[in-house]
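I opened a new notebook page for this one. My plan was to look for empty space, then for charged pairs, and to jot down what turned up.

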Amino acid sequence: MAIDPNKAFGIIDNPRTEQDHRGLHFDIEAGFINHEFGFYLLYGKFKEANYQKLALGADYFFLKADKIEFGIGSSVSNIWKKQGDLSETTTYFGWLGRLTGIFWVYPKLGLVGNFQYQSRPDLEVTGILEGKIGLRYFFRN
């Protein structure tokens, strides 16, 4: 599940909020963590907005406690977006910076939250602030 605080609360008036896309916006991450560093590949899609992206990123976990972890990271992405009449797909390069928090409910299952700034060259604004929540499953010993 993804949430865009600007769209939800109207913090900054921008053209993106004039189109109200409803539907499933999802991101799937797969990667690994080695000590404090995590590396991941992300695929995201928002069908109603004609938007897909593939990203490669890294996180540095600066706080690792028994049940809680916090990290900071960034990624670079390739964004594919179909234009208004859906006849042409345009490709964009993007990047993001994020803060990540994980609360481990069980040893291998955690609730994860990201707060991020994402460049969006496909929009008429420089970028967006976005909050996301989800589940993380760890294939570890």
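**Entry 1: the cavity.** I searched the whole structure, a predicted model, for enclosed space, and the search gave one cavity of 30 Å³ or more. About 40 Å³ of space lies inside this largest cavity. Which residues line the cavity? I listed His25, Asp27, Tyr51, Lys53, Gln118, Arg120 and Glu130. Strands β2 and β4 are the elements that give two or more residues to that lining. I sorted the lining by type and got one nonpolar residue, two polar and four charged.

**Entry 2: Lys53.** One name on the cavity list made me stop, namely Lys53. I found Lys53 in strand β4. Lys53 is buried but has no salt bridge. How far away is the nearest side chain of opposite charge? That side chain belongs to Asp27, and I read 5.4 Å for the distance. A salt bridge needs the nitrogen within 4 Å of a carboxyl oxygen, so Lys53 and Asp27, at 5.4 Å, do not make one. I then checked what else Lys53 touches, and its side chain has a polar contact of 3.1 Å with the side chain of Gln118. Asp27 and Gln118 are both on the cavity list too.

**Entry 3: where Asp27 pairs.** I went looking for the partner of Asp27 next. Its side chain meets that of Lys132 in a salt bridge, 2.8 Å from N to O. The pair ties together distant parts of the chain, with Lys132 in strand β8 and Asp27 in strand β2, 105 residues apart. Are these two buried or exposed? Lys132 has a relative accessibility of 9%, so I wrote it down as buried. Asp27 comes out at 26%, so it goes down as partly exposed.

**Entry 4: the other salt bridges.** I counted four salt bridges in the model. A note to self on the idea: side chains of opposite charge can pair when their charged atoms come close.

I looked at Arg136 and Glu29, whose side chains meet in a salt bridge of 3.7 Å, N to O. This pair also links distant parts of the chain: Arg136 sits in strand β8, Glu29 sits in strand β2, and 107 residues separate them. Arg136 is buried because its relative accessible area is 16%. Glu29, at 28%, counts as partly exposed.

Then I turned to Asp59 and Arg98, joined by a salt bridge of 2.6 Å, N to O. Asp59 is in strand β4 and Arg98 in strand β6 (residues 89-106), and the two are 39 residues apart along the chain. I marked Asp59 as buried, since its relative accessible area is 5%. Arg98 is buried as well, with a relative accessibility of 3%.

Which residues are linked in a network of salt bridges? I noted Glu29, Asp59, Arg98 and Arg136.

**Entry 5: the second largest pocket.** Back to empty space, this time of the open kind. The second largest pocket holds about 600 Å³ of space. I found 27 residues in its lining, and Glu29, Ala30, Val112, Leu135 and Arg136 lie nearest its centre. Elements giving two or more residues to this lining are β2 (25-34), β3 (37-46), β4 (51-64), β7 (109-119) and β8 (127-137). Which element gives the most? It is β2, with nine residues. By type, I split the lining into 16 nonpolar residues, five polar and six charged. Glu29 and Arg136, which I had already met as a salt-bridged pair, are among the residues nearest the pocket centre.

**Entry 6: Gly113.** I also looked up a glycine. Gly113 lies in strand β7. Its relative accessibility is 23%, so Gly113 counts as partly exposed. I checked Ile102 as well, and the C-alpha atoms of Gly113 and Ile102 are 6.5 Å apart, though the two residues are 11 apart along the chain.

**Entry 7: the whole chain.** I ended with the overview. How many helices and strands does the chain have? I counted one helix and eight strands. Along the sequence, the order reads β-α-β-β-β-β-β-β-β. The chain has 141 residues, and 35% of them count as buried.

Methods
Residues are numbered from 1 along each chain as its sequence is written. This is a predicted model: local features need pLDDT of at least 70, side-chain atom pairs count only at pLDDT 80 or more; totals for chains, interfaces and linings use all residues. Side-chain values use heavy atoms; hydrogens and water are left out. On a 1 Å grid over the protein atoms alone, a cavity is a set of points where a 1.4 Å probe fits but cannot get out, and a pocket is an open set with protein on both sides within 12 Å along at least five of seven lines; lining residues have an atom within 4 Å of a point. Grid points are joined across faces, edges and corners, and a volume is the space filled by probe spheres set on the points. Helices (H or I, at least four residues) and strands (E, at least two) are DSSP runs, numbered from the N terminus. Ala, Val, Leu, Ile, Met, Phe, Trp, Tyr, Cys and Pro count as nonpolar, Asp, Glu, Lys and Arg as charged, and the others, Gly among them, as polar. Buried means under 20% relative accessible area, exposed over 50%, partly exposed in between (1.4 Å probe, protein chains only). Lys and Arg count as positive and Asp and Glu as negative; His and the chain ends are not counted. A polar contact is a pair of N or O atoms within 3.5 Å; within protein, one must be able to donate a hydrogen and the other to accept it, and residues adjacent in sequence count only if both atoms are side-chain atoms.
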